[in-house]
Amino acid sequence: QVQLVESGGGLVQPGGSLRLSCAASGFTFTDYWMSWVRQAPGRGLEYVSQINTDGDETGVAVSMKGRFTISRDNVKNIVYLQMNDLKVEDTALYYCMRDLGSWGQGTQVTVSS
């Protein structure tokens, strides 16, 4: 069974940084591209970033470009999202995703002064 467990969220001030982690199990991690998406009240699911099997970033949302970086460890089966220069607007529940049918439980990121 596919399992994706996000962690690393928390409360930070604007301009701060967080690194989110997603531990994957139940499938051959190295065979799949992975993504991060987020959800905030009043918004739909919003694309954040995607990474291919070799560890190359294949896309990032415009509002997060230059601030967020996706990476992966194909030995530990972990996907990361490094979040820098956080803004209040980044407050959301962050999910990692293998595909539309494979989601984690999410980790909450709250950016507030």
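This passage describes a strand sheet, a group of aromatic rings and one loop residue in a predicted model. Residues are numbered from 1 along each chain as its sequence is written, and side-chain values use heavy atoms, with hydrogens and water left out. Because the model is predicted, local features need pLDDT of at least 70 and side-chain atom pairs count only at pLDDT 80 or more, while totals for chains, interfaces and linings use all residues.

Four-stranded pairing was examined under the rule that two strands pair if DSSP finds at least two bridges between them; strands are DSSP runs (E, at least two residues) numbered from the N terminus. An open sheet of 4 strands follows the order β1-β3-β8-β7, and its pairing is antiparallel. Strands β1 (3-7) and β7 (68-73) each have a single partner strand, so one side of each has no neighbour in the sheet. From one strand to the next, the twist averages 15°, with axes taken as lines fitted to C-alpha atoms and angles running from 0 to 180 degrees between N-to-C directions. Within this sheet, β3 (residues 18-25) and β8 (residues 78-83) run antiparallel and are joined by 6 bridges. R19 has Q82 in β8 as its bridge partner.

Rings of Phe, Tyr and Trp (its six-membered ring) were paired if their centres lie within 6.5 Å; planes under 30 degrees apart count as stacked, over 60 as edge-to-face and the rest as tilted. The count by this rule is 3 aromatic pairs. F27 and Y32 make an edge-to-face pair, 5.4 Å centre to centre with 90° between the planes. F27 is buried at 15% relative accessibility, whereas Y32 is partly exposed at 30% (buried is under 20% relative accessible area, exposed over 50%, partly exposed in between, with a 1.4 Å probe and protein chains only). The ring centres of Y95 and W103 are 5.7 Å apart and the planes are at 90°, so this pair is also edge-to-face. Y95 is buried at 17%, and W103 is partly exposed at 29%.

Ring pairs also link F27, F29 and Y32 into a cluster. A charge sits over a ring if NZ of Lys or CZ of Arg is within 6 Å of the ring centre and within 35 degrees of the ring normal. R98 places its charged end over the ring of F27, 4.9 Å from the centre, and lies over the face of Y32 at 4.3 Å from the ring centre.

N52 is located in the loop between β5 (46-51) and β6 (57-60) and is buried, at 13% relative accessibility.
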